[in-house]
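Colleague: Could you take me on a close look at one part of this model? I'd love to hear about a single strand and its neighbours, and then how that part sits in the wider assembly.

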Amino acid sequence: MTVEQLNDHGQLRHLISLADLSRTEIEKILDRANHYLTPIGQPPPRDTILQGHTVANLFFEASTRTRASFELAAKRLSADVLNLDVNMSSRAKGESLLDTIYTLQAMQVDIFVVRDAGTGVPMRIADHVFPHVSVLNAGESDTSHPTQGLLDLMTIQKHKGDVGNLCVAIVGDIRHSRVARSATEALTKFGVGELRLVGPQELLPKEPIEGTQSYAELDRGIEGADVVMALRIQKERFAQLGDIPDPQEYFRRFGLAEERMQIAKPDAIVMHPGPMNRGVEIDGALADGPRSVIQEQVTNGLAVRMAVLSLVYEHVLTTRGEQC
Amino acid sequence: MTVEQLNDHGQLRHLISLADLSRTEIEKILDRANHYLTPIGQPPPRDTILQGHTVANLFFEASTRTRASFELAAKRLSADVLNLDVNMSSRAKGESLLDTIYTLQAMQVDIFVVRDAGTGVPMRIADHVFPHVSVLNAGESDTSHPTQGLLDLMTIQKHKGDVGNLCVAIVGDIRHSRVARSATEALTKFGVGELRLVGPQELLPKEPIEGTQSYAELDRGIEGADVVMALRIQKERFAQLGDIPDPQEYFRRFGLAEERMQIAKPDAIVMHPGPMNRGVEIDGALADGPRSVIQEQVTNGLAVRMAVLSLVYEHVLTTRGEQC
Amino acid sequence: MTVEQLNDHGQLRHLISLADLSRTEIEKILDRANHYLTPIGQPPPRDTILQGHTVANLFFEASTRTRASFELAAKRLSADVLNLDVNMSSRAKGESLLDTIYTLQAMQVDIFVVRDAGTGVPMRIADHVFPHVSVLNAGESDTSHPTQGLLDLMTIQKHKGDVGNLCVAIVGDIRHSRVARSATEALTKFGVGELRLVGPQELLPKEPIEGTQSYAELDRGIEGADVVMALRIQKERFAQLGDIPDPQEYFRRFGLAEERMQIAKPDAIVMHPGPMNRGVEIDGALADGPRSVIQEQVTNGLAVRMAVLSLVYEHVLTTRGEQC
């Protein structure tokens with residue numbers, strides 16, 4: 001990392017990756033996130049902390065749910081929100097990415113939320129902004145999706161307590177998944193008891209990942225697990241999978257369903273980052289059933305984003321006092 | 001209807017169709033709408049009732065004016081507004097409709113405004129949301145467009161008083177028009193004196209609609225009418241109409257113009273739901289002339305949407321107190 | 001001009017063109033703009049003047065930065081903002097431009113911000129709106145971009161003081177540039193010492209423009225200049241330029257770079273309206289270097305738009321009192 005995610009005062013400035021955040025720093029974010037939770041059916045959490053400030057959502061990759069989550073997080077903190085959905089082709093035609101950032105920065109946008117299909121883009125932006133400006137990674141290629149990792153950790157902790165005693169299985173296209181990557185970073189940092197990466201051989205990590213075991217077979221992978229997280233599988237993958245030519249076969253081999261879950265712990269929970277392919281990586285009845293914490297993940301995700309936005313705002317405030 | 005539009009306390013919860021709303025309930029909405037009217041040129045009506053709450057506009061069918069009307073209605077009630085313009089193809093690729101709803105619901109969106117080209121979609125959503133959540137139909141296939149029916153009734157009442165004494169003619173593609181459908185539901189519920197459905201034979205209702213008469217000829221249809229409402233005709237229809245091959249012939253046969261209006265009552269008003277094809281279903285001079293109440297329809301429509309949003313919010317509040 | 005830009009009380013009502021605004025009127029806008037400036041890193045300027053009012057951004061031509069600038073300007077004045085990005089094809093299919101305006105006006109939109117590829121469109125709208133409604137031109141064909149002209153003048157004045165003593169060079173595709181047009185109108189009105197239009201012969205004005213000199217050669221054009229403004233060149237132009245077949249040759253002949261700038265005044269500043277083609281009309285190092293005031297132009301632009309919005313709102317207020 002060229003730019004540090006924390007400022008000189010130890011305050012969170014950028015959120016690009018969970019890899020070099022300390023456990024203490026992550027706990028601070030999750031504590032704040034818990035503060036931004038109200039029960040479904042009650043008025044949403046609300047704060048005036050970002051009133052008068054501007055958050056820009058720069059989504060260079062299509063997204064409905066993550067964009068909506070960041071947009072509502074910023075609005076519920078009373079920020080002005082600028083949504084820019086810029087597709088790659090228009091970016092190619094138009095000005096360079098950094099010039100877009102410089103322009104918005106000159107409009108006094110102090111916080112950027114960036115999703116991009118290219119590895120390194122959020123860090124590249126963070127390397128070039130003014131000292132008071134913050135950059136939040138809302139999904140970066142196959143590499144990183146830190147707010148997803150945080151919401152996954154938060155959801156597991158709320159249901160199962162200390163992850164040190166848990167066996168967690170992540171099932172699906174591990175190799176191409178920023179969700180798996182960020183969840184792994186979060187869970188290993190908190191000393192997860194056992195972390196299993198489960199999927200077809202071609203979709204498991206090429207290199208072993210420290211603190212994890214790989215399983216190419218579903219039942220062995222989820223046996224005795226406390227937490228089972230299914231990943232979204234892209235339709236395009238089936239062409240690359242020798243013996244799994246279609247969604248039906250994928251479901252037969254790696255799809256989660258209540259029957260398959262019998263081999264996990266009796267009180268095991270089921271997670272999915274969404275959007276789900278029902279009947280492919282997960283059975284609809286399981287997704288809607290009592291084991292599922294999928295909707296709680298969404299609620300926790302919004303709280304995590306409010307927490308991160310409100311924390312980096314403290315950096316903005318501090319740095320402001322120091323600038324010439 | 002599987003889900004009731006009113007809750008157990010008789011409060012409006014959903015607005016899917018006018019068909020099973022009572023006259024009293026409709027009067028309540030229109031009273032509220034009249035409260036949300038200020039003269040053009042004065043500051044728009046404003047209320048803080050939805051402050052801190054989130055309204056999601058889910059438009060699966062393109063729309064400029066209805067989306068703008070609902071968006072401004074929600075903003076003028078101080079809500080946070082989330083706009084999601086999702087086209088059909090991306091919906092097919094992505095997650096299912098209900099999963100999108102579940103996700104947004106988990107983000108504490110309490111009111112959904114839905115436009116969809118498929119019949120039954122708003123009701124299907126209403127069948128699946130949490131008890132405190134409301135669903136408003138912003139246009140459903142050929143079936144229903146209840147806020148349009150309400151704004152049409154409101155506009156007629158404001159100009160002509162009790163509809164029991166009136167002759168109303170709706171002119172155009174009756175068969176495929178959710179506008180005609182909802183206006184008919186509203187007007188017959190209020191005991192309209194006479195309701196005439198006027199258009200080419202192929203575009204009249206297949207089955208007779210209770211309380212209406214059909215006319216395949218314009219002059220007979222609007223003779224003596226107090227109110228004449230033109231409908232938008234889709235260009236695609238001309239291929240299906242035997243003896244009306246083009247817009248010019250349609251205008252000659254069914255287009256409204258000041259000369260044709262001589263056969264209606266001298267003080268007859270002219271309506272159109274917009275967007276207009278000037279020179280096809282209506283002459284520009286008539287649309288801009290003294291008989292036209294077309295812009296008032298737009299103003300009343302925004303007031304109706306503010307009224308409906310503020311009424312269903314009372315349901316949200318009541319249900320909230322009752323939930324575990 | 002059919003409609004006057006000032007109302008009977010001398011207040012700014014529309015901003016369509018700088019051509020017939022007086023120097024006093026422009027000074028009034030720039031004074032107000034200076035009031036809406038806070039240092040980068042401090043909270044953005046903020047005012048509640050437009051609270052409860054609605055500004056519609058109608059962009060019939062794609063734009064990221066100008067739309068963002070107007071959107072943030074309106075939001076920082078506490079307005080409700082309605083963004084309508086309407087492309088030409090949907091406009092052709094849908095309702096007429098004026099019907100869209102009438103509809104939004106009936107929704108109590110009091111200020112329209114319009115960008116359109118057609119000459120005369122903003123004025124045509126201004127000709128048809130209610131007396132209390134204002135129309136702001138956000139870019140009109142090759143003809144006019146008045147807020148850009150104002151921000152350029154403001155930026156030059158802040159760095160160089162009275163333009164009466166200055167030599168300003170505008171470099172690039174003068175002939176097709178609304179930026180050059182509006183900057184020329186602003187600068188000549190303020191009695192600029194010398195205004196040079198510099199570019200390939202085919203891209204210089206067909207008719208001489210009063211108060212300017214044309215130069216078909218870069219070095220002669222920027223020699224001794226206090227201010228050098230590069231314009232964006234469209235890739236499509238190269239096909240029309242006899243001896244400049246590609247971007248490389250354009251840069252060699254008319255591209256600004258630190259070495260070329262040696263011939264200008266030692267303290268000459270460099271401007272660009274954005275988005276930049278780095279390496280074509282301007283070298284990246286120059287754009288990012290100490291001479292560059294490009295990001296200040298963006299900041300000043302937002303302040304100019306806040307100023308114009310707040311000034312026309314005074315017209316809305318005044319006219320409101322007078323209406324029946």
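Modeller: Happily! Strand 1 of chain C runs parallel to strand 3 (residues 111-116) of chain C, and five bridges join them. Strands here are DSSP runs of E with at least two residues, helices are runs of H or I with at least four, and both are numbered from the N terminus; two strands pair if DSSP finds at least two bridges between them. This is a predicted model, where local features need pLDDT of at least 70 and side-chain atom pairs count only at pLDDT 80 or more, while totals for chains, interfaces and linings use all residues. Residues are numbered from 1 along each chain as its sequence is written, and chains are lettered from A and ligands numbered from 1 in the order in which they are written.

To find your place in the pairing with strand 3 of chain C, look for Val55(C), which stands opposite Ile111(C). Strand 1 of chain C is also joined to strand 2 (residues 80-85) of chain C, again in parallel, by six bridges. There, Leu58(C) has Leu84(C) as its bridge partner. Between strand 1 and strand 2 of chain C the chain passes through helix 2 (residues 65-76), making a right-handed β-α-β crossover (with the strands pointing away from the viewer, the path from the first strand over the helix to the second runs clockwise).

How covered is strand 1 of chain C? Six of the six residues in this strand, 54-59, are buried, meaning that 20 or more other C-beta atoms, placed from the backbone, lie within 10 Å of a residue's own (12 or fewer would be exposed, anything in between partly exposed). The cover reaches both faces: Thr54(C), Ala56(C) and Leu58(C) are buried on one side, and Val55(C), Asn57(C) and Phe59(C) on the other.

Now for the wider assembly. Chain C is in contact with chain A through 22 residues of chain C and 21 of chain A, a contact being two C-beta atoms, placed from the backbone, within 7 Å. On the chain A side, strand 2 (80-85) and helix 4 (97-106) are the elements that give two or more residues. Helix 4 of chain A supplies the largest share, five residues. By type, that side of chain A divides into eight nonpolar, nine polar and four charged residues; Ala, Val, Leu, Ile, Met, Phe, Trp, Tyr, Cys and Pro count as nonpolar, Asp, Glu, Lys and Arg as charged, and the others, Gly among them, as polar.
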